[in-house]
Amino acid sequence: MAAGVEKDTLPPRLLREELPSGPAKGKVAELQVMLADYYEACGWTAEGDSTDAKFQELCL
């Protein structure tokens, strides 16, 4: 069972401090966008839970 969207997070610093240099200078992590993409890539629901189809695919 996945931890779920309420527990999946990053360190507070990454969510509030802008990056000081590089191509993403001045930006902070967009956690909700990142989680949505990650969950989709894993074949999970938008809430971060595994689906029955994923369990069957993995023979679990």
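Tyrosine 38 is partly exposed in this predicted model, because its relative accessible area is 46%, a value between the 20% and 50% limits used for that class. Its sequence neighbour gives a different reading: tyrosine 39 has a relative accessible area of 2% and is therefore buried. The rings of tyrosine 38 and tyrosine 39 form one of the three aromatic pairs in the structure. Their centres lie 6.3 Å apart and their planes make an angle of 55°, an arrangement classed as tilted. Tyrosine 38 also pairs with tryptophan 44, this time edge-to-face, with 5.6 Å from centre to centre and 85° between the planes. Tryptophan 44 counts as partly exposed because its relative accessibility is 26%. Taken together, Tyr38, Tyr39 and Trp44 make up one aromatic cluster. The cluster thus brings together a buried ring, that of tyrosine 39, with the partly exposed tyrosine 38 and the partly exposed tryptophan 44.

Turning to the fold as a whole, the chain has three helices and zero strands, and its elements follow the order α-α-α from the N terminus. The radius of gyration is 15 Å, whereas the globule rule gives 10 Å for 60 residues, so the chain is more spread out than a compact globule. Along the principal axes, the C-alpha atoms occupy a box of roughly 45 × 20 × 15 Å. Of the 60 residues, 13% count as buried. The accessible area of the chain comes to about 4900 Å², with carbon and sulfur atoms supplying 58% of that surface. As for contacts between residues separated by 6 or more positions, 30% of them join residues 24 or more positions apart.

Helix H3 deserves a look of its own. This helix spans residues 52–57 and includes phenylalanine 55. Lysine 54 and glutamate 57 belong to helix H3 as well, three residues apart, or about one turn of the helix. These two side chains form a salt bridge in which the closest N and O atoms are 3.3 Å apart. The partners differ in their exposure: lysine 54 is classed as buried because its relative accessibility is 16%, under the 20% limit, while glutamate 57 reaches 55% and is therefore exposed.

The structure holds two salt bridges. Besides the bridge within helix H3, arginine 13 is joined to glutamate 17, again with the closest N and O atoms 3.3 Å apart. Here arginine 13 counts as exposed because its relative accessibility is 56%, and glutamate 17, at 39%, counts as partly exposed.

The surface also carries a nonpolar patch, formed by Phe55, Leu58 and Leu60, whose accessible area together is about 310 Å². Phenylalanine 55 places part of this patch on helix H3. What relative accessibility does phenylalanine 55 have, and how does it count? The value is 32%, so phenylalanine 55 counts as partly exposed. That value also explains why phenylalanine 55 can belong to a patch, because patch residues need over 30% relative accessible area. Helix H3 therefore holds both the salt bridge between lysine 54 and glutamate 57 and a member of the nonpolar patch, phenylalanine 55.

Notes. Residues numbered from 1 in each chain as written. Predicted model: local features only at pLDDT ≥ 70, side-chain atom pairs only at ≥ 80, totals over all residues. Heavy atoms only, no water. Patch = residues over 30% accessible without salt bridge, like charges linked within 9 Å, V, L, I, M, F, W, Y side chains within 5 Å. Areas by Shrake-Rupley, 256 points an atom, 1.4 Å probe, with all protein chains shown as cover. Salt bridge = Lys/Arg side-chain N within 4 Å of Asp/Glu carboxyl O. Helix = DSSP H or I, 4+ residues; strand = E, 2+ residues; numbered from the N terminus. Buried < 20%, exposed > 50% of the residue type's maximum accessible area, 1.4 Å probe, protein only. Rg over C-alpha atoms; globule rule 2.2 N^0.38 Å. Contact = heavy atoms within 4.5 Å. Phe/Tyr/Trp six-rings, centres within 6.5 Å; stacked < 30°, edge-to-face > 60°.
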